[in-house]
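Trainee: I am new to this structure and would love a close look at a single part. Could you walk me through it slowly?

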Amino acid sequence: MIAIDMALDFVLEHQLFGEIWILSDSRSVVQCLDNWRDVSDQMGMDTFNKLKTLCNSCVLHLQWIPSHVNLKYNDIADGLAKEVKSCSDEDVQTECKSKGAIKCVENWKKDGGYKCVCPDGYVDDSKKGCIDPCSQDKAKDECSSNGQVCYIGDRDRVGDCRCPPTFTYNEIKKSCDLIGDNTFMIQGLPVLSKKYETSENNINKVMLNRDVAVSMKQAFANLDFVHVFSFKVDNEVLLCDVWLQFKSDLPPTFNATLEVRRWQALTVEGQNEYLLPPQLLLSSSHISATSEELTLCTDSVRHSVCGSGSICESNKCKCGDGFREIDSTIKASSDKRIVRCEDIDECTEAKHDCKENTTRCVNTLGDYFCVCKSGFKKAKGDADALNKEECIGMKL
(Lines give C-alpha, C1' and ligand atoms only; values in the text may rest on other atoms or scores of the structure.)
Protein backbone atom coordinates (compact mmCIF):
# COMPACT_ATOMS: atom_id res chain seq x y z
CA MET A 1 0.00 0.00 0.00
CA ILE A 2 2.82 2.40 0.90
CA ALA A 3 4.63 1.77 -2.41
CA ILE A 4 1.44 2.43 -4.41
CA ASP A 5 0.78 5.58 -2.36
CA MET A 6 4.31 6.84 -3.12
CA ALA A 7 3.85 6.09 -6.84
CA LEU A 8 0.63 8.13 -6.84
CA ASP A 9 2.43 11.00 -5.09
CA PHE A 10 5.07 10.90 -7.84
CA VAL A 11 2.42 11.10 -10.58
CA LEU A 12 0.65 14.00 -8.84
CA GLU A 13 3.87 15.88 -8.10
CA HIS A 14 5.11 15.66 -11.69
CA GLN A 15 1.63 16.22 -13.18
CA LEU A 16 1.86 13.22 -15.49
CA PHE A 17 -0.95 12.70 -18.04
CA GLY A 18 -2.01 10.10 -20.58
CA GLU A 19 -1.98 6.37 -19.84
CA ILE A 20 -0.21 5.37 -16.63
CA TRP A 21 0.48 1.86 -15.34
CA ILE A 22 1.29 1.10 -11.69
CA LEU A 23 2.52 -2.47 -11.15
CA SER A 24 2.44 -4.14 -7.75
CA ASP A 25 3.32 -7.64 -6.59
CA SER A 26 0.91 -7.34 -3.65
CA ARG A 27 -2.32 -9.00 -4.80
CA SER A 28 -4.04 -8.30 -1.47
CA VAL A 29 -3.50 -4.53 -1.79
CA VAL A 30 -4.76 -4.44 -5.38
CA GLN A 31 -7.83 -6.43 -4.35
CA CYS A 32 -8.37 -4.13 -1.36
CA LEU A 33 -8.41 -1.02 -3.57
CA ASP A 34 -10.64 -2.81 -6.10
CA ASN A 35 -13.18 -3.35 -3.31
CA TRP A 36 -13.06 0.36 -2.44
CA ARG A 37 -16.37 0.33 -0.56
CA ASP A 38 -14.74 -1.81 2.14
CA VAL A 39 -11.69 0.43 2.58
CA SER A 40 -11.76 1.91 6.09
CA ASP A 41 -8.16 2.46 7.26
CA GLN A 42 -6.60 5.91 6.84
CA MET A 43 -3.80 4.80 4.50
CA GLY A 44 -6.25 2.96 2.23
CA MET A 45 -8.65 5.92 2.15
CA ASP A 46 -5.85 8.37 1.32
CA THR A 47 -4.59 6.13 -1.49
CA PHE A 48 -8.09 5.64 -2.90
CA ASN A 49 -8.76 9.41 -2.90
CA LYS A 50 -5.54 9.97 -4.88
CA LEU A 51 -6.68 7.35 -7.38
CA LYS A 52 -9.98 9.18 -7.81
CA THR A 53 -8.19 12.50 -8.33
CA LEU A 54 -5.87 11.09 -11.00
CA CYS A 55 -8.69 9.38 -12.88
CA ASN A 56 -10.00 12.85 -13.75
CA SER A 57 -6.86 13.70 -15.73
CA CYS A 58 -5.40 10.42 -17.01
CA VAL A 59 -6.08 6.76 -17.71
CA LEU A 60 -4.71 4.87 -14.73
CA HIS A 61 -4.09 1.11 -14.58
CA LEU A 62 -3.37 -0.68 -11.32
CA GLN A 63 -1.99 -4.10 -12.20
CA TRP A 64 -0.88 -7.04 -10.07
CA ILE A 65 2.27 -8.87 -11.22
CA PRO A 66 3.69 -12.05 -9.67
CA SER A 67 6.84 -11.61 -7.56
CA HIS A 68 10.13 -13.49 -7.69
CA VAL A 69 9.90 -14.44 -11.38
CA ASN A 70 13.12 -12.75 -12.54
CA LEU A 71 11.47 -9.47 -13.50
CA LYS A 72 14.35 -7.00 -13.37
CA TYR A 73 12.63 -3.98 -11.85
CA ASN A 74 10.47 -6.06 -9.53
CA ASP A 75 13.63 -7.66 -8.15
CA ILE A 76 15.20 -4.20 -7.72
CA ALA A 77 12.13 -3.04 -5.79
CA ASP A 78 12.27 -6.13 -3.58
CA GLY A 79 15.92 -5.44 -2.82
CA LEU A 80 15.25 -1.83 -1.89
CA ALA A 81 12.34 -2.85 0.32
CA LYS A 82 14.59 -5.17 2.30
CA GLU A 83 17.01 -2.28 2.98
CA VAL A 84 14.29 -0.17 4.61
CA LYS A 85 14.10 -0.50 8.39
CA SER A 86 11.22 0.19 10.75
CA CYS A 87 10.76 1.24 14.37
CA SER A 88 9.98 -2.36 15.32
CA ASP A 89 13.52 -3.49 14.41
CA GLU A 90 15.63 -4.13 17.49
CA ASP A 91 18.69 -2.32 16.12
CA VAL A 92 16.56 0.75 15.32
CA GLN A 93 15.19 0.80 18.88
CA THR A 94 18.73 0.51 20.23
CA GLU A 95 19.90 3.36 17.99
CA CYS A 96 17.10 5.72 19.08
CA LYS A 97 17.66 4.89 22.75
CA SER A 98 21.42 5.49 22.49
CA LYS A 99 20.80 8.88 20.84
CA GLY A 100 18.55 10.00 23.70
CA ALA A 101 15.46 10.14 21.47
CA ILE A 102 12.04 10.03 23.09
CA LYS A 103 10.40 7.94 20.36
CA CYS A 104 10.72 6.48 16.88
CA VAL A 105 8.29 7.24 14.06
CA GLU A 106 7.86 5.46 10.74
CA ASN A 107 8.98 7.60 7.82
CA TRP A 108 8.77 5.44 4.72
CA LYS A 109 9.21 8.22 2.21
CA LYS A 110 12.67 9.24 3.46
CA ASP A 111 15.22 8.79 6.26
CA GLY A 112 15.53 5.06 5.54
CA GLY A 113 12.05 4.17 6.78
CA TYR A 114 12.18 5.62 10.30
CA LYS A 115 13.19 8.66 12.29
CA CYS A 116 14.40 8.97 15.89
CA VAL A 117 12.59 11.95 17.44
CA CYS A 118 14.58 14.09 19.90
CA PRO A 119 13.00 15.75 22.95
CA ASP A 120 11.37 19.13 22.36
CA GLY A 121 14.00 21.82 21.80
CA TYR A 122 16.88 19.39 21.25
CA VAL A 123 18.93 19.07 18.07
CA ASP A 124 19.64 15.77 16.30
CA ASP A 125 23.42 15.72 15.81
CA SER A 126 24.72 13.01 13.47
CA LYS A 127 27.65 12.24 15.81
CA LYS A 128 26.39 13.09 19.30
CA GLY A 129 22.70 12.19 19.04
CA CYS A 130 20.07 14.38 20.71
CA ILE A 131 21.85 17.35 22.27
CA ASP A 132 20.81 20.70 23.71
CA PRO A 133 21.61 23.80 21.60
CA CYS A 134 24.68 24.73 23.66
CA SER A 135 26.25 21.30 23.20
CA GLN A 136 26.65 21.92 19.47
CA ASP A 137 30.27 22.54 18.47
CA LYS A 138 29.20 25.45 16.26
CA ALA A 139 27.39 27.19 19.14
CA LYS A 140 30.28 26.70 21.56
CA ASP A 141 32.85 27.93 19.03
CA GLU A 142 30.75 30.99 18.16
CA CYS A 143 30.41 32.00 21.81
CA SER A 144 33.99 31.27 22.84
CA SER A 145 35.35 33.28 19.89
CA ASN A 146 33.86 36.34 21.60
CA GLY A 147 35.00 35.32 25.06
CA GLN A 148 31.47 34.29 26.04
CA VAL A 149 29.69 31.14 27.18
CA CYS A 150 26.65 29.47 25.60
CA TYR A 151 23.60 29.36 27.88
CA ILE A 152 20.16 27.86 27.24
CA GLY A 153 17.54 30.61 27.32
CA ASP A 154 14.00 30.89 26.02
CA ARG A 155 14.82 30.64 22.30
CA ASP A 156 13.91 27.30 20.73
CA ARG A 157 16.89 25.22 19.53
CA VAL A 158 19.23 28.22 19.77
CA GLY A 159 21.69 29.00 22.57
CA ASP A 160 22.48 32.48 23.89
CA CYS A 161 26.06 33.75 23.94
CA ARG A 162 26.49 35.50 27.29
CA CYS A 163 29.11 36.54 29.77
CA PRO A 164 28.96 34.62 33.06
CA PRO A 165 26.94 36.15 35.91
CA THR A 166 28.39 39.42 37.32
CA PHE A 167 30.31 40.08 34.07
CA THR A 168 29.52 42.52 31.24
CA TYR A 169 30.30 42.13 27.55
CA ASN A 170 32.62 44.74 26.07
CA GLU A 171 31.66 45.27 22.41
CA ILE A 172 34.97 47.03 21.63
CA LYS A 173 37.27 44.44 23.18
CA LYS A 174 34.99 41.53 22.20
CA SER A 175 35.45 40.04 25.64
CA CYS A 176 33.84 39.90 29.08
CA ASP A 177 34.82 42.67 31.47
CA LEU A 178 35.21 42.02 35.19
CA ILE A 179 32.30 44.30 35.98
CA GLY A 180 28.59 43.69 36.12
CA ASP A 181 25.66 44.11 38.46
CA ASN A 182 21.87 43.73 38.59
CA THR A 183 22.40 39.98 38.77
CA PHE A 184 20.33 37.79 41.09
CA MET A 185 19.79 34.09 41.75
CA ILE A 186 16.52 32.58 42.95
CA GLN A 187 17.60 29.50 44.86
CA GLY A 188 15.46 26.37 45.10
CA LEU A 189 12.55 27.36 42.85
CA PRO A 190 10.35 24.21 43.14
CA VAL A 191 9.21 23.21 39.63
CA LEU A 192 7.08 20.08 39.26
CA SER A 193 9.18 17.65 37.23
CA LYS A 194 6.58 15.52 35.41
CA LYS A 195 6.31 17.74 32.32
CA TYR A 196 10.09 17.74 31.80
CA GLU A 197 10.84 14.04 32.30
CA THR A 198 12.00 12.21 29.19
CA SER A 199 13.12 8.62 28.60
CA GLU A 200 15.62 7.09 31.02
CA ASN A 201 14.54 9.60 33.72
CA ASN A 202 16.39 12.46 32.04
CA ILE A 203 15.18 16.06 32.29
CA ASN A 204 14.42 18.18 29.22
CA LYS A 205 16.61 21.15 30.14
CA VAL A 206 15.59 23.14 27.07
CA MET A 207 11.87 23.00 27.84
CA LEU A 208 12.54 23.68 31.53
CA ASN A 209 14.62 26.78 30.72
CA ARG A 210 12.04 28.03 28.27
CA ASP A 211 9.10 27.74 30.67
CA VAL A 212 11.05 29.26 33.58
CA ALA A 213 12.30 32.16 31.44
CA VAL A 214 8.85 33.03 30.09
CA SER A 215 7.31 32.99 33.59
CA MET A 216 10.14 34.99 35.17
CA LYS A 217 9.88 37.68 32.49
CA GLN A 218 6.18 37.95 33.22
CA ALA A 219 6.74 38.08 36.99
CA PHE A 220 9.63 40.60 36.97
CA ALA A 221 9.85 43.82 34.98
CA ASN A 222 12.97 44.83 33.05
CA LEU A 223 14.50 41.34 32.85
CA ASP A 224 17.14 40.86 30.17
CA PHE A 225 17.99 37.18 30.52
CA VAL A 226 16.93 34.12 32.52
CA HIS A 227 18.71 30.81 32.85
CA VAL A 228 18.25 27.72 35.05
CA PHE A 229 21.81 27.68 36.34
CA SER A 230 21.45 24.32 38.06
CA PHE A 231 18.81 22.03 39.52
CA LYS A 232 18.52 18.95 41.69
CA VAL A 233 15.76 16.34 41.74
CA ASP A 234 13.77 15.97 44.97
CA ASN A 235 11.20 13.23 44.34
CA GLU A 236 8.72 14.84 41.91
CA VAL A 237 10.16 18.36 42.22
CA LEU A 238 13.08 20.10 40.50
CA LEU A 239 14.72 22.55 42.90
CA CYS A 240 16.09 25.11 40.46
CA ASP A 241 18.64 27.88 40.93
CA VAL A 242 17.51 30.56 38.48
CA TRP A 243 19.81 33.31 37.24
CA LEU A 244 18.04 36.63 36.68
CA GLN A 245 19.91 39.31 34.73
CA PHE A 246 18.18 42.70 34.75
CA LYS A 247 18.68 45.41 32.12
CA SER A 248 19.29 48.46 34.28
CA ASP A 249 19.69 49.70 37.83
CA LEU A 250 17.12 48.32 40.22
CA PRO A 251 15.41 50.27 42.98
CA PRO A 252 17.00 49.88 46.43
CA THR A 253 13.83 48.20 47.64
CA PHE A 254 14.04 45.37 45.10
CA ASN A 255 13.80 41.93 46.70
CA ALA A 256 13.14 38.85 44.58
CA THR A 257 12.52 36.77 47.71
CA LEU A 258 9.45 38.89 48.55
CA GLU A 259 8.01 38.12 45.13
CA VAL A 260 8.52 34.39 45.71
CA ARG A 261 6.80 34.69 49.09
CA ARG A 262 3.88 36.39 47.36
CA TRP A 263 3.49 33.30 45.17
CA GLN A 264 3.41 31.21 48.33
CA ALA A 265 0.66 33.40 49.77
CA LEU A 266 -1.47 32.79 46.68
CA THR A 267 -1.37 29.01 46.97
CA VAL A 268 -4.61 27.25 47.85
CA GLU A 269 -4.62 25.02 50.91
CA GLY A 270 -4.94 21.36 49.96
CA GLN A 271 -3.58 21.83 46.45
CA ASN A 272 -0.07 20.59 45.77
CA GLU A 273 0.65 22.85 42.81
CA TYR A 274 0.64 26.54 41.92
CA LEU A 275 0.55 27.89 38.36
CA LEU A 276 3.02 30.68 37.78
CA PRO A 277 1.70 32.28 34.57
CA PRO A 278 1.70 31.44 31.84
CA GLN A 279 2.58 27.72 32.19
CA LEU A 280 5.08 26.99 34.97
CA LEU A 281 3.77 24.60 37.63
CA LEU A 282 5.38 24.98 41.04
CA SER A 283 5.07 22.67 44.03
CA SER A 284 3.05 24.68 46.55
CA SER A 285 4.49 22.68 49.45
CA HIS A 286 8.04 23.67 48.50
CA ILE A 287 7.66 27.37 47.72
CA SER A 288 10.23 28.71 50.15
CA ALA A 289 12.88 29.80 47.67
CA THR A 290 15.15 32.74 48.47
CA SER A 291 17.12 35.12 46.31
CA GLU A 292 20.51 36.75 46.56
CA GLU A 293 22.42 39.31 44.57
CA LEU A 294 25.25 37.46 42.88
CA THR A 295 28.95 38.15 43.31
CA LEU A 296 31.97 36.33 41.99
CA CYS A 297 32.22 34.57 45.36
CA THR A 298 28.72 33.09 45.15
CA ASP A 299 29.38 29.34 44.98
CA SER A 300 27.52 28.77 41.71
CA VAL A 301 29.28 31.71 40.02
CA ARG A 302 32.73 30.89 41.42
CA HIS A 303 32.48 27.27 40.29
CA SER A 304 31.32 28.31 36.82
CA VAL A 305 33.94 31.04 36.31
CA CYS A 306 36.96 29.91 38.31
CA GLY A 307 36.25 26.17 38.35
CA SER A 308 37.05 23.40 40.80
CA GLY A 309 39.91 23.90 43.21
CA SER A 310 39.28 27.63 43.51
CA ILE A 311 38.39 29.64 46.58
CA CYS A 312 37.11 33.19 46.61
CA GLU A 313 37.42 36.14 48.95
CA SER A 314 36.27 39.71 48.29
CA ASN A 315 35.40 38.94 44.64
CA LYS A 316 38.88 37.58 43.97
CA CYS A 317 39.56 33.94 43.06
CA LYS A 318 42.68 32.04 44.02
CA CYS A 319 43.58 28.38 44.11
CA GLY A 320 43.12 26.24 47.19
CA ASP A 321 45.52 23.71 48.67
CA GLY A 322 46.53 21.00 46.22
CA PHE A 323 45.92 23.23 43.18
CA ARG A 324 47.98 25.74 41.21
CA GLU A 325 47.00 28.71 39.07
CA ILE A 326 47.05 28.46 35.29
CA ASP A 327 48.86 31.68 34.41
CA SER A 328 47.21 32.14 31.02
CA THR A 329 43.75 32.29 32.66
CA ILE A 330 44.43 35.09 35.13
CA LYS A 331 42.32 38.23 34.62
CA ALA A 332 42.23 41.00 37.16
CA SER A 333 40.79 44.43 37.78
CA SER A 334 40.78 46.67 40.81
CA ASP A 335 37.90 44.79 42.44
CA LYS A 336 37.83 41.36 40.78
CA ARG A 337 40.23 38.56 39.93
CA ILE A 338 39.47 35.33 38.10
CA VAL A 339 41.74 32.37 37.52
CA ARG A 340 41.40 28.70 36.58
CA CYS A 341 43.15 26.09 38.70
CA GLU A 342 44.74 22.76 37.92
CA ASP A 343 45.39 19.84 40.23
CA ILE A 344 48.92 19.36 41.56
CA ASP A 345 49.99 15.73 41.13
CA GLU A 346 51.93 15.36 44.34
CA CYS A 347 52.96 11.81 43.42
CA THR A 348 54.68 12.49 40.09
CA GLU A 349 56.12 15.79 41.33
CA ALA A 350 57.51 14.18 44.51
CA LYS A 351 55.57 16.56 46.77
CA HIS A 352 54.30 13.87 49.14
CA ASP A 353 55.31 12.23 52.42
CA CYS A 354 54.69 8.59 51.51
CA LYS A 355 57.59 6.32 52.56
CA GLU A 356 59.09 4.82 49.42
CA ASN A 357 59.96 1.42 50.97
CA THR A 358 56.57 0.72 52.54
CA THR A 359 53.97 2.76 50.68
CA ARG A 360 52.83 3.86 47.24
CA CYS A 361 51.54 7.38 46.53
CA VAL A 362 48.10 7.76 44.86
CA ASN A 363 47.05 11.19 43.57
CA THR A 364 43.51 12.55 44.07
CA LEU A 365 41.91 15.84 43.09
CA GLY A 366 43.54 18.40 45.36
CA ASP A 367 45.27 15.83 47.57
CA TYR A 368 46.90 12.38 47.74
CA PHE A 369 47.02 9.35 50.01
CA CYS A 370 49.51 6.57 50.79
CA VAL A 371 48.69 2.91 50.06
CA CYS A 372 50.58 0.15 51.83
CA LYS A 373 52.71 -2.08 49.65
CA SER A 374 52.36 -5.86 49.79
CA GLY A 375 53.38 -7.23 53.17
CA PHE A 376 52.65 -3.99 55.03
CA LYS A 377 49.66 -2.50 56.85
CA LYS A 378 48.70 0.81 58.42
CA ALA A 379 50.35 1.38 61.75
CA LYS A 380 47.18 2.90 63.18
CA GLY A 381 43.47 2.21 62.69
CA ASP A 382 42.14 0.33 59.65
CA ALA A 383 44.93 -1.71 58.07
CA ASP A 384 43.77 -0.73 54.53
CA ALA A 385 42.72 2.88 55.25
CA LEU A 386 43.21 5.45 52.48
CA ASN A 387 45.16 8.12 54.34
CA LYS A 388 48.71 9.38 54.84
CA GLU A 389 49.54 7.26 57.88
CA GLU A 390 52.77 5.28 57.71
CA CYS A 391 52.79 1.53 57.09
CA ILE A 392 54.54 -1.21 59.06
CA GLY A 393 55.44 -4.80 58.26
CA MET A 394 52.88 -7.52 58.95
CA LYS A 395 53.72 -10.14 61.54
CA LEU A 396 53.66 -13.69 60.19
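Trainee: Is Phe-254 buried, exposed or partly exposed, and what is its relative accessible area?

Mentor: Happy to help, and please keep in mind that this is a predicted model. With a relative accessible area of 22%, Phe-254 is partly exposed, because buried means under 20% and exposed means over 50%. Now look at the partner of Phe-254. Phe-184 and Phe-254 make an edge-to-face aromatic pair, with 4.9 Å from centre to centre and 70° between the planes. Phe-184 sits in strand β11, while Phe-254 belongs to the loop between β13 and α8, so this pair ties together parts that are 70 residues apart in sequence. Phe-184 has a relative accessibility of 10% and therefore counts as buried.

The pair also has company. Phe-184, Phe-220, Phe-246, Phe-254 and Trp-263 form one aromatic cluster. In the whole structure there are 10 aromatic pairs.

Let us follow Trp-263 into its helix. Trp-263 is one of the buried residues of α8, along with Ala-256, Thr-257, Glu-259 and Val-260. Viewed down the axis of α8, the buried residues fall within an arc of 160°, so they line one face of the helix. On the face turned away from that buried side, α8 carries the exposed residues Arg-261 and Ala-265. And what lies over the buried residues of α8? The cover includes β11, α7, β14, β15 and β16 (290-293).

From here we can step into the core. The largest nonpolar core has 29 residues, and those with the most contacts inside it are Ile-186, Leu-189, Val-191, Met-216 and Leu-244. At least two residues of this core come from each of β11 (183-192), α7 (205-219), β12 (223-234), β13 (237-246), α8 (256-265), β14 (273-276) and β15 (280-283). Another core lies apart from this one; it has 18 residues, among them Phe-225, Val-305, Cys-312 and Cys-317.

Val-191 is a good residue to select on your screen. Leaving out residues up to four places away in sequence, Val-191 touches Tyr-196, Leu-208, Val-212, Glu-236, Val-237, Leu-238, Cys-240, Leu-280, Leu-281 and Leu-282.

Two loops in this region have backbone details that are easy to miss. In the loop between β14 and β15 you will find Pro-278. The peptide bond from Pro-277 to Pro-278 is cis, and its omega is near 5°. Asn-222, in turn, has its place in the loop between α7 and β12. The phi of Asn-222 is near 65°, a positive value in a residue other than glycine. Asn-222 is partly exposed, and its relative accessible area is 34%.

Lys-174 makes a useful companion to Asn-222. Lys-174 is in the loop between β9 (168-170) and β10 (175-177). The phi of Lys-174 is also positive, near 55°, and again the residue is not a glycine. With a relative accessible area of 45%, Lys-174 is partly exposed.

For a second helix to set beside α8, turn to α1. Helix α1 (residues 2-13) has 12 residues, which at 1.5 Å a residue should span 16 Å, and its end C-alpha atoms are indeed 16 Å apart. Ile-4, Asp-5, Leu-8 and Val-11 are buried in α1. These four cover an arc of only 120° around the axis, which puts them on the same side of α1. Exposed residues Ala-3 and Glu-13 are carried on the face of α1 turned away from the buried side. Among the elements that cover the buried residues of α1 are β1 (18-24), α2 (27-34), α3 (42-54) and β2 (58-64). After α1 comes Gln-15, with a positive phi near 50°.

Since we began with rings, let us finish with rings that have a charge above them. The charged end of Lys-336 sits over the ring of Phe-167, at 4.9 Å from its centre. Lys-388 lies over the face of Tyr-368, 4.3 Å from the ring centre. Tyr-368 is also in contact with His-352, as are Glu-346, Cys-347 and Cys-361, leaving aside neighbours within four places in sequence. His-352 itself is in the loop between β22 (341-343) and β23 (359-364). To see how this spot relates to α8, take the C-alpha atoms of His-352 and Arg-262: they are 55 Å apart in space, and the two residues are 90 apart in sequence.

Notes. Residues are numbered from 1 along each chain as its sequence is written. This is a predicted model: local features need pLDDT of at least 70, side-chain atom pairs count only at pLDDT 80 or more; totals for chains, interfaces and linings use all residues. Side-chain values use heavy atoms; hydrogens and water are left out. A nonpolar core is a set of buried Ala, Val, Leu, Ile, Met, Phe, Trp, Tyr and Cys residues joined through side-chain atoms within 4.5 Å. Buried means under 20% relative accessible area, exposed over 50%, partly exposed in between (1.4 Å probe, protein chains only). Contact means heavy atoms within 4.5 Å. The expected span of a helix is 1.5 Å times one less than its number of residues. The arc is that of the directions from the helix axis to the C-beta atoms. Rings of Phe, Tyr and Trp (its six-membered ring) pair if their centres lie within 6.5 Å; planes under 30 degrees apart count as stacked, over 60 as edge-to-face and the rest as tilted. A charge sits over a ring if NZ of Lys or CZ of Arg is within 6 Å of the ring centre and within 35 degrees of the ring normal.
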